[in-house]
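Let's take a walk through this model together, moving from helix packing to the sheet and then to a few single residues.

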Amino acid sequence: MSTQEDAVLQELIQRALAYPDGGISAEAEAEAAAEAAELAAEAEAEAVLSDSRRWPAGLRRLLDGPPPAGGDAAYPSHAPDSATGLLCGVAPMLLHRSAGAEVWQRGDLYDEHVERPARMVAVYDALLREGLVGRAKLIPARPAARSDLELVHSRSHARRAVRRYEGEEEAHEALGLQLGADTYFAAGESGRAALLSCGSVVELATRVVTGELSNALAVVRPPGHHCEARQAMGFCILNNVAVAAAVARARLGVQRVLVVDWDVHHGNGIQHIFEEDGSVLYASLHRYGHGFYPGTGGAHAVGEGAGRGFSLNIPWSSSGYGDAEYAAAFERLLMPVAREFAPELVLVAAGFDAAARDPLGGMEVSPAGYAYMTAQLRSLAAGRLVVALEGGYNLRSISSSAAAVMRVLLGDDPPPLPPAPPCRSAARDIVEASHAMAPFWRSVAAALGGPQAQPRSAVARPRLSRAALRELYGTRAYPRRRRRSRWPFKWRATTPSAWRGAARRRPAWHRFMYGDE
């Protein structure tokens, strides 16, 4: 019995114990039956996508390589004149698998690690079934050059990450990884897969910058946004998007690159690589706090030195956020800053683990939400946009979300999102990030309305001298510090009456997000 089926059984037992007569209501029984059927369907889909003998012929040929020069009736139809690129020949990336993967006698692979080959196969299968491959230009995957890797990675890491090793223990020791940990390295195949994954993102970015393509979708693995300059981590061996951004800057003459990371985990590697570089604006929407991996990406992390203000973090303080919260973050903060930055190229670290039903993310973003974000970013940099796969571990969610993104890249309008305000906790998270960015971006400072707009409850007030407070608020009408009353756990405000009257209005964070209604 699988872990998911066991969890469903335990839930049924708990529900049965909740009834005095020990029975299960018809509603609960129907709900459990529907959930069990859905789990069975997902298990069957996983088995099909993990068994290459059950793949359609067109899918197998698409993954194996580019269309043959002489033509092949079984090869999927494609559009050589399309302005949207899609990788083909990605089969070597499927050989990157965990040491605990079960290799069946007939030669097929089933991997229980969440970052598994079936993720990539599921995306390509969905693109093929929905006719999106036939509208794209197929670009052969290619390995990265060592000189490109060394633009962001140390020479030693670039060498170790692409080597072939004799065994798993030697590989993990060389890369500073622990056997059985979250990040794995298959001694004979992972280095080649990582090199091909990184090089393919660079290839698509190059073709977009040179004008051969307008935009592209890079379905690659292993992912990359956690990988640091000297250390593999978080399922990531090479930092694909960071290398592509560095190549665009160093070799293609691009002056300003926007990197948007909507993976539910913070892309610590990308931020740290560019945190002192003012030519790359890194913007991330991710869960933060409560022990959520990797634990970086607070709103206060705005960059260092020349890069101060060019790291925009929108850290979600809770789970369950969906389309309304992500759309509000784009509308209120990310897009105003991006327009002011005026990028010449947009790269997306597109993790789909914020999608509903993902086993790690705990969020509720729909395919329509991902389509909305893609359409917003497509309005920047004259449409020069490359979307590169990062996380996303539910096969149904990742495939439907990637297909929705691909439709927008091909020029289809995104489905409309139902009008809904963000929840209060998400609104406070956006305001906190806005205050961190206000000193660096005029659009954000103007939207906040000046010093008086600082939210007292969401963000701590800056410690200002009395002279500065008088200059901001007048001779006496400035907020004094609160004084602890004699009663425990109660506070008594000692602010002037005029200021207390103004405080009865909506809080500043509420006015910023929802207006004065």
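Helix H11 (residues 323–341) and helix H14 (residues 424–437) have axes that come within 10 Å and cross at roughly 25°. That makes H11 roughly parallel to H14, a label used for angles under 35 degrees, with over 145 counting as roughly antiparallel, 65 to 115 as roughly perpendicular and the rest as oblique. The axes are lines fitted to C-alpha atoms, for helices over the stretch in contact, and angles run from 0 to 180 degrees between N-to-C directions. Helices (H or I, at least four residues) and strands (E, at least two) are DSSP runs, numbered from the N terminus.

A word on the source: this is a predicted model, in which local features need pLDDT of at least 70 and side-chain atom pairs count only at pLDDT 80 or more, while totals for chains, interfaces and linings use all residues. Residues are numbered from 1 along each chain as its sequence is written, and side-chain values use heavy atoms, with hydrogens and water left out.

Back at the helix pair, Glu 325, Ala 328, Ala 329, Arg 332 and Leu 333 of H11 meet Ala 426, Ile 430, Ala 433, Ser 434 and Met 437 of H14, where contact means heavy atoms within 4.5 Å. Sorted by class, the contact of H11 with H14 has 7 nonpolar, 1 polar and 2 charged residues. Here Ala, Val, Leu, Ile, Met, Phe, Trp, Tyr, Cys and Pro count as nonpolar, Asp, Glu, Lys and Arg as charged, and the others, Gly among them, as polar.

Another helix pair is set at another angle. Helix H2 (residues 26–50) and helix H4 (residues 117–129) pack at about 95°, their axes 9 Å apart. That makes H2 roughly perpendicular to H4. On the H2 side, Glu 46, Leu 49 and Ser 50 meet Ala 118, Val 121, Ala 122 and Asp 125 of H4. This contact has 4 nonpolar, 1 polar and 2 charged residues.

Now to the sheet. Its 8 strands form an open sheet in the order S4-S1-S5-S10-S9-S6-S7-S8, with parallel pairing; two strands pair if DSSP finds at least two bridges between them. The edges are strand S4 (137–140) and strand S8 (311–316), each pairing on one side only. On average, neighbouring strands of this sheet are turned by 15° against each other, direction ignored.

Three of the strand pairings are set out here, with bridge partners:

| Strand pair | Bridges | Bridge partners |
|---|---|---|
| S7 (residues 280–287) and S8 | 6 bridges | Ser 284 and Asn 313 |
| S5 (residues 215–218) and S10 | 4 bridges | Ala 216 and Val 386 |
| S9 and S10 | 5 bridges | Val 348 and Val 387 |

The S7–S8 pairing also includes Arg 287, whose bridge partner in S8 is Trp 316. Two helices can be placed against the sheet. Helix H9 (residues 240–251) packs on it, touching strand S6 (257–261), S7, strand S9 (345–350) and strand S10 (385–389), and the direction of H9 makes about 170° with that of S9. H11, met earlier, packs on the sheet as well, touching S6, S7 and S8, with its direction at about 170° to that of S7.

How many residues of S10 are buried? The count is 5 of the 5, so S10 is largely enclosed by the rest of the structure; buried means under 20% relative accessible area, exposed over 50%, partly exposed in between (1.4 Å probe, protein chains only). Both faces of S10 are covered, with Leu 385, Val 387 and Leu 389 on one side and Val 386 and Ala 388 on the other. For the edge strand S8, 6 of the 6 residues are buried, so S8 too is largely enclosed by the rest of the structure. Ser 311, Asn 313 and Pro 315 point one way from S8, and Leu 312, Ile 314 and Trp 316 the other way.

Two of these S8 residues lead us to Gln 271, in helix H10 (residues 268–274). Beyond its neighbours within four places in sequence, Gln 271 is in contact with His 266, Tyr 282, Ala 301, Ser 311 and Asn 313. Gln 271 counts as buried, at 4% relative accessibility.

Last comes Arg 160, which lies in helix H6 (residues 155–160). Neighbours within four places in sequence aside, Arg 160 is in contact with Tyr 165, Ala 174, Leu 175 and Arg 230. Arg 160 and Ile 237 are 77 residues apart in sequence and 9.9 Å apart in space, C-alpha to C-alpha.
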